[in-house]
Amino acid sequence: MKLTKISEHIYYMEHDPETDRPALGYVKGEKGGFMMDAGNSSAHHHHFIEKLQENQLPPPRYLSITHAHWDHSFGLWATNAATIAGGKTNKELEKMSHWAWDDEAMEKRLKTGEDSLFAHTHICKEYTHRSDIKVKTAEISFNGSMTIDLGDITCILREIVSPHCRDSVVFIIPQDSVIFLGDSYCSVPQGEEWVYDKVLLTAYIDELEKIDFRLAIKGHHPPQTKEELLAELKAEWKKL
Ligand SMILES: [Zn+2]
């Protein structure tokens, strides 16, 4: 996968649907780098770090994740950076860190709805040996929002209401007018279908409209302008 420079300080590596690897992002500051989402495995994580090296970018000083879903968080243990997550995300990770990954435990979580078939299928594809799965909590957690000052650029980590999950965080980089959405714009898998909750989608659109940004980096789709993103979400809203 290739690393793309999207603005003066920001890079991202595109998503890979094969094993549901989401887009990963990087903000280059004079005091160090900030990595956005950890990857779905140490392999995904290290692939990104190699891309940074190829582009003469140092490994990140800080790393934060947008939510606890496996594809964004299972690479967390592989980093040397200081790790940060929203309080709700860290609670989820704490719970998941006690999960077993044998067939029986995974089947049981499918039945209880704790895990989706979509996630299950892709976890099995990414991990040849499921004993390689390690779930870690972040070292630093916050509620509401926090700011990272990288010297010449500042990143805002902010919890946001989302139709995708209850622990969504977005990363806003005002100076470059970029927002990193993770999956906050996505619906939820229910069997074969992906379904939006109308109340949550309404609240999410309202929140996004109030945030000042030009470009959005999406977890599982190519980046969009604010206008394109809002038009797409409003079209989904109309279908409900
Ligand atoms: Zn997700």
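**Salt bridges, surface charge and buried positions in a predicted model**

Lys 210 and Glu 207 form a salt bridge through their side chains, with an N to O distance of 3.8 Å; a salt bridge is taken here as a side-chain nitrogen of Lys or Arg within 4 Å of a carboxyl oxygen of Asp or Glu. The structure is a predicted model, in which local features need pLDDT of at least 70, side-chain atom pairs count only at pLDDT 80 or more, and totals for chains, interfaces and linings use all residues. Residues are numbered from 1 along each chain as its sequence is written, and side-chain values use heavy atoms, with hydrogens and water left out.

Lys 210 and Glu 207 are separated by about one helical turn, because they stand 3 residues apart in helix H6. Helices (H or I, at least four residues) and strands (E, at least two) are DSSP runs numbered from the N terminus. Lys 210 is exposed, at 66% relative accessibility; buried means under 20% relative accessible area, exposed over 50%, and partly exposed in between (1.4 Å probe, protein chains only).

Glu 207 also takes part in a salt bridge with Arg 158, at 2.8 Å from N to O. Arg 158 belongs to strand E9 (residues 154–159) and Glu 207 to helix H6, so this pair ties together parts that are 49 residues apart in sequence. The relative accessible area of Arg 158 is 25%, which makes this residue partly exposed. Arg 158, Glu 207 and Lys 210 are thus linked in a network of salt bridges.

Helix H6 spans residues 198–210 and also holds Asp 206. Asp 206 is partly exposed, at a relative accessible area of 40%. The C-alpha atom of Asp 206 is separated by 33 Å from that of Arg 61, and the two residues are 145 apart along the chain.

In the whole structure, 11 salt bridges are found. Among them is the contact between the side chains of Asp 103 and Arg 130, at 2.9 Å from N to O. This pair links distant parts of the chain, 27 residues apart: Asp 103 is in helix H4 (residues 103–112), and Arg 130 is in the loop between helix H5 (117–126) and strand E7 (140–142). Asp 103 is exposed, with 52% relative accessibility, while Arg 130 is partly exposed, with a relative accessible area of 23%. In general, side chains of opposite charge can pair when their charged atoms come close.

A patch of negative charge on the surface is made up of Glu 8, Glu 30, Asp 149 and Asp 152. Patches consist of residues with over 30% relative accessible area and no salt bridge, with like charges joined within 9 Å and nonpolar side chains (Val, Leu, Ile, Met, Phe, Trp, Tyr) within 5 Å. Lys and Arg count as positive and Asp and Glu as negative, while His and the chain ends are not counted. The place of a charge is taken as NZ of Lys, CZ of Arg, CG of Asp or CD of Glu. Accessible areas come from the Shrake-Rupley method with a 1.4 Å probe, and for residues only the protein chains shown count as cover. Asp 149 of this patch lies in strand E8 (residues 145–149) and is partly exposed, at a relative accessible area of 44%.

Asp 20 and Gln 56 were examined for backbone geometry. Asp 20 is not a glycine, yet has a positive phi of about 55°. This residue sits in the loop between strand E2 (10–13) and strand E3 (24–29) and is buried, at 8% relative accessibility. Gln 56, also not a glycine, has a positive phi of about 55°. Gln 56 is placed in the loop between helix H1 (42–54) and strand E5 (62–64) and is exposed, with a relative accessible area of 67%.

Val 170, in strand E10 (residues 169–173), is buried at 0% relative accessibility. The C-alpha atoms of Val 170 and Ile 84 are separated by 12 Å, with these positions 86 residues apart along the chain numbering. Gly 86, in strand E6 (residues 82–86), is buried at 1% relative accessibility. The C-alpha atoms of Gly 86 and Val 27, 59 residues apart along the chain, are separated by 19 Å.

An unreviewed UniProt entry lists residues 21–220 as "domain: Metallo-beta-lactamase"; UniProt positions are in the numbering used here, feature names are shortened, and annotations may be inferred rather than shown by experiment. Over residues 21–220 the chain is 30% helix and 26% strand, and the end C-alpha atoms are 8 Å apart.
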